[in-house]
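These are my notebook entries on a single structure. I looked up aromatic contacts, helix packing and backbone angles, in that order.

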Amino acid sequence: MSVSPHPPVRGRFAPTPSGRMHLGNVLCALLAWLSVRAQQGVMLLRIEDLDSARCPSSAADMLEADLRWLGLDWDEGGCTGTDQNGETCLQSRRTKHYERILHILEEKAHLYPCFCSRSELHAAQAPHLSDGRILYPGTCRALTAEQIAEKRARHAPALRIAVPDETIRFTDLCRGPHAENLLLECGDFILRRSDGVFAYQLAVVADDWEMGVSEVVRGSDLLFSTARQIWLFQLLETAPPVYAHIPLLLAPDGRRLSKRDADLDLSRLRLHFSSQELVGMLAQLCGLTESGRPVSPQELIPLFSWDKVKKEDIRLPSAFYQKV
């Protein structure tokens, strides 16, 4: 009996088009693309525009234009394309998918309305984790039906899912073994916001599952999301993707690059560098090459290995900042 080959890896780049991509976004897109192409897999572009008020369609169009300028293509998705199932890859148009997943989760776990605002949690003595995140103290978990009705009459609640005292373990392609306790390090988290918009944690799991994503490359600032997402995959009785959390790019003073600050976004970078100059510089900074010479993404495919990619955040040299 012949053994069927493993299905090709399905990776994705899933940006939020709330502004022009900055250099850190470009590094993520490049490494996600290289990992997929080095494995002869399928590359998907998903537009994470859940909050449509912050994500105009013009920003998504510009994002696609920047990716093409960089030489990074995709096989499925984008603003006008679809995934392998013929479904849109724009999150703003996938509400029916999230509602279906929410109904499944309601049968598998305890979901409850939460009336706590962000400001109330900051003002209260809620536990803080080492990175500054607030661990939700379960304030609304045991509200009675009467209390819920009273609070709901004043304002709409968010919807949280109660997590168990369980440790999730996984091996990250970039950072190695990692473990996180859901109760002590994640806490009950939101699946749908009070304004009715589905939360990132639910949407990304629903999309990765339905789109068949088997590899996720993203910044190390999202490492804390992984345990809860793996747990949601377990509730859905399906295998999670393999994850790679890459180092963040920092300004010379240690600040994280931000779209809000317009730090090294492509509107500025394209005035001073060719696409191959940017790709070559990023390849050197993250550890794929030594020279930093101008290079196309295609030329980097045979050089790519997760073993080469740096694990710690990367400070940009002052000389580079001075050039732009």
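**Entry 1: aromatic pairs.** I began with the burial of two aromatic residues, bearing in mind that the model is predicted. Phe304 is buried, and Trp306 is buried as well. I then searched the whole structure for aromatic pairs and obtained 4. For Phe304 and Trp306, I read a distance of 5.1 Å between the ring centres and an angle of 80° between the planes, so I entered the pair as edge-to-face. The cut-off that decides this is an angle over 60 degrees.

**Entry 2: a charge over a ring.** I next looked up Tyr136. Arg160 lies over the face of this ring, and I noted 3.6 Å from the ring centre.

**Entry 3: helices α7 and α8.** I turned to helix packing and took α7, residues 200–210, together with α8, residues 226–235. Their axes come within 10 Å and cross at roughly 55°. I therefore recorded α7 and α8 as oblique to each other. I also looked up the hand of the crossing of α7 and α8, which is right-handed. On the α7 side, the contact is made by Tyr200, Gln201, Val204, Val205, Asp208 and Trp209. On the α8 side, I listed Arg228, Gln229, Leu232 and Phe233.

**Entry 4: helices α3 and α7.** I kept α7 and examined its packing with α3, which spans residues 95–108. The axes of α3 and α7 are 10 Å apart, at an angle of about 100°. An angle from 65 to 115 degrees counts as roughly perpendicular, and α3 and α7 are therefore entered under that heading. From α3, the contact residues are His97, Tyr98, Arg100, Ile101, Leu102, Ile104 and Leu105. From α7, I noted Leu202, Ala203, Ala206, Asp207, Trp209 and Glu210. Trp209 of α7 is listed in the contact with α8 and also in the contact with α3.

**Entry 5: positive phi values.** Which loop holds Gln40? I placed Gln40 between α1 (23–38) and β2 (42–45). Its phi is near 55°, a positive value in a residue other than glycine. Gln40 is exposed, with a relative accessible area of 72%.

I made a second entry of this kind for Glu237, whose phi is near 60°, again positive in a residue other than glycine. Glu237 is found in the loop between α8 and β10 (242–246). Is Glu237 buried or exposed? I recorded Glu237 as exposed, at 64% relative accessibility.

Notes
Residues numbered from 1 in each chain as written. Predicted model: local features only at pLDDT ≥ 70, side-chain atom pairs only at ≥ 80, totals over all residues. Heavy atoms only, no water. Phe/Tyr/Trp six-rings, centres within 6.5 Å; stacked < 30°, edge-to-face > 60°. Buried < 20%, exposed > 50% of the residue type's maximum accessible area, 1.4 Å probe, protein only. Lys NZ or Arg CZ within 6 Å of the ring centre and 35° of its normal. Axes fitted to C-alpha atoms, helices over the stretch in contact; angles between N-to-C directions. Helix = DSSP H or I, 4+ residues; strand = E, 2+ residues; numbered from the N terminus. Parallel < 35°, antiparallel > 145°, perpendicular 65-115°, else oblique. Left-handed = near helix turned anticlockwise from the far one by under 90°. Contact = heavy atoms within 4.5 Å.
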